[in-house]
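Here is a short, friendly walk through one structure, with its charged side chains as the main theme. Have the viewer open as you read.

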Amino acid sequence: MDKIEVHLDSDGIMNVEYPLHAGVTFDNVVKEYEDRLEITKEKTPLLVKIHGVSAFDAEARKFLCGTQHSAITSAAAIVSDSSSGYQEYSSMLLELFKGIDKPPFDCKVFESEEDALNWLRGYL
């Protein structure tokens, strides 16, 4: 996988998967947002799968916490793939995002996709 993949699963949970060691940049999150809008304009819970984040820039974090993205996101579960490297760095970036940027929707980091999906089902 060399690009961000976006789809809505049969439960109504939006799935976004970043490629290995991807940077979470402004351009990437805007593209993700546009792809989500092509699928539905409804507010959905969001499952984000990352495989070793190499960067998480300030403009991207600001957009993710902004009104446009929040209008289509009821909650976000982030699954961090520990086998892909950058685990400590990725975890630190995600915790800073939650603590400093304070997304206006519930946001939680998981190691297990199953646990993340179970949590997100509470937002359907």
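## A pair within helix H1

Asp35 is buried in this predicted model, with a relative accessible area of 16%. That value falls below the 20% cut-off, so Asp35 earns the label "buried". Its salt-bridge partner is Lys31, and the N to O distance between the two side chains is 2.7 Å. Lys31 is partly exposed, at a relative accessible area of 44%.

Why are Lys31 and Asp35 separated by about one helical turn? Both sit in helix H1, which covers residues 26-39, and they are 4 residues apart there.

## A network around Lys49

Next, a set of linked charges. Glu17, Lys49 and Glu113 are joined into one network by salt bridges that share partners. One of the pairs is Glu17 with Lys49, whose side chains meet at 3.8 Å, N to O. This pair links distant parts of the chain, since Glu17 belongs to strand E2 and Lys49 to strand E4 (residues 44-51), 32 residues apart.

Is Lys49 buried or exposed? Lys49 counts as buried, with 14% relative accessibility.

## Joining the two ends of a long stretch

Another salt bridge pairs Arg121 with Asp11, and their closest N and O atoms are 3.4 Å apart. Arg121 lies in the segment after helix H5 (113-120), while Asp11 lies in the loop between strand E1 (5-8) and strand E2 (14-20), so the pair ties together parts that are 110 residues apart in sequence.

What is the exposure of each partner? Arg121 is partly exposed, with a relative accessible area of 37%, and Asp11 is partly exposed too, with 38%. A search of the whole structure finds 4 salt bridges, and the pairs described above are among them.

## The chain as a whole

Stepping back, the chain has 5 helices and 7 strands. Followed along the sequence, these elements come in the pattern β-β-β-α-β-β-α-α-β-α-β-α. How do the contacts spread along the sequence? Taking contacts between residues at least 6 apart in sequence, 77% join residues at least 24 apart.

As for burial, 46% of the chain's 124 residues count as buried. The accessible surface of the chain is about 6,500 Å², and carbon and sulfur atoms account for 50% of that area.

Key. Residues numbered from 1 in each chain as written. Predicted model: local features only at pLDDT ≥ 70, side-chain atom pairs only at ≥ 80, totals over all residues. Heavy atoms only, no water. Helix = DSSP H or I, 4+ residues; strand = E, 2+ residues; numbered from the N terminus. Buried < 20%, exposed > 50% of the residue type's maximum accessible area, 1.4 Å probe, protein only. Contact = heavy atoms within 4.5 Å. Areas by Shrake-Rupley, 256 points an atom, 1.4 Å probe, with all protein chains shown as cover.
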